[in-house]
Amino acid sequence: MAVDDPWYEATASGWSGETATGASGDGRPDAVPRQRVHSAAEIYLEVQRSPAFQEVRRRYRRFVFPATLAFLLWYLAYVVAATAAPGLMARPVAGAVNVAMVAGLGQFLTTFLLTWAYARHARLRRDRAALELRWDTQEMTRGMVQS
């Protein structure tokens, strides 16, 4: 049965059971000789060096690094305030709700907002370019080793 999956024949280097005489492993040469275009490692290195891949990585880093730094600073400010200023954190806001509870709920809200912002950023700024890279890579690996 023919499998129309470009990753089906791609094995990790050194993990296949193929011999030098053929893919069947029984010493018989294949009916159609395999032609080697590029190895998977060469293809992936070529993709990694491409300007399109570098642009996807740049867009990823320009969002993730500042967002991570902001979230960590916000979290550390909460922890430091809880330990260094217990009087401030115990100050009531409304009834039994104090500043510490509001800040703690703010941590959850920030986590959900950051997750939403990340998903939106990925969808609008990276997903299309990453999908195009994936298809290009699959096209290159499709010609790798055909049986």
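**Reading a predicted helical model, term by term**

User: S50 sits in the loop that joins helix 1 (40-49) to helix 2 (51-84). Why does S50 count as buried?

Analyst: This is a predicted model, and the label comes from a computed area. The relative accessibility of S50 is 17%, and buried means under 20%. Since 17% is under that cut-off, S50 counts as buried.

User: What does the side chain of S50 reach, and what makes that a polar contact?

Analyst: The side chain of S50 comes to 3.2 Å from the backbone nitrogen of F53. A polar contact needs a pair of N or O atoms within 3.5 Å, one able to donate a hydrogen and the other to accept it. At 3.2 Å, the S50 to F53 pair is within the distance limit.

User: And F53, is it buried, partly exposed or exposed?

Analyst: F53 is a residue of helix 2. Its relative accessible area is 25%, and the partly exposed class lies between the 20% and 50% limits. F53 is therefore partly exposed. F53 also has a partner in space: its C-alpha is 7.5 Å from that of A130, although 77 residues separate F53 and A130 in sequence.

User: How far apart are the C-alpha atoms of Y60 and A122?

Analyst: They are separated by 7.8 Å, with these positions 62 residues apart along the chain. Y60 belongs to helix 2, and at 26% relative accessibility it falls between the limits of 20% and 50%, so Y60 counts as partly exposed.

User: Let's turn to the charges. How do you know that R58 and E55 meet in a salt bridge?

Analyst: By the distance between their side chains. The N to O value is 2.7 Å, and the rule asks for a nitrogen of Lys or Arg within 4 Å of a carboxyl oxygen of Asp or Glu. Because 2.7 Å is within 4 Å, the pair counts. Both residues lie in helix 2, 3 residues apart, which is about one turn of the helix. As for exposure, R58 at 40% and E55 at 24% are each partly exposed, since both values lie between 20% and 50%.

User: What makes E55, R58 and R59 a network?

Analyst: E55 takes part in a salt bridge with R58 and in another with R59, where the closest N and O atoms are 3.0 Å apart. The three residues are thus linked through salt bridges, with 3.0 Å again meeting the 4 Å limit. R59 and E55 are 4 residues apart in helix 2, so about one helical turn separates them. R59 is partly exposed, at 30% relative accessibility.

User: How many salt bridges does the count come to?

Analyst: The count is 3. Among them is the pair of E139 and R142, at 2.7 Å from N to O. E139 and R142 are both in helix 4, 3 residues apart, or about one turn of the helix. R142 is partly exposed, because its 32% lies between 20% and 50%.

User: Why can R62 be part of a patch of positive charge on the surface?

Analyst: R62 gathers there with R120, R123 and R125. A patch member needs over 30% relative accessible area and no salt bridge. R62 reaches 61%, which is over 30% and also over the 50% that marks exposed, so R62 is called exposed. R62 is in helix 2, while helix 4 gives the most to the positive patch, with 3 residues.

User: Which residues make the nonpolar surface patch, and how does M101 meet the area rule?

Analyst: V93, V97, M101 and V102 make the patch, which covers about 320 Å². M101, in helix 4 (residues 99-142), has a relative accessible area of 44%. That value is over the 30% needed for a patch, so M101 meets the area rule. As 44% stays under 50%, M101 is labelled partly exposed rather than exposed.

User: Finally, what is the order of the elements from the N terminus on, and how much of the chain counts as buried?

Analyst: There are 4 helices and 2 strands, and they run α-α-α-β-β-α. Of the 147 residues, 17% count as buried; those are the residues under 20% relative accessible area.

Definitions and conventions
Residues numbered from 1 in each chain as written. Predicted model: local features only at pLDDT ≥ 70, side-chain atom pairs only at ≥ 80, totals over all residues. Heavy atoms only, no water. Patch = residues over 30% accessible without salt bridge, like charges linked within 9 Å, V, L, I, M, F, W, Y side chains within 5 Å. Areas by Shrake-Rupley, 256 points an atom, 1.4 Å probe, with all protein chains shown as cover. Buried < 20%, exposed > 50% of the residue type's maximum accessible area, 1.4 Å probe, protein only. Lys, Arg positive; Asp, Glu negative; His and termini not counted. Charge placed at Lys NZ, Arg CZ, Asp CG, Glu CD.
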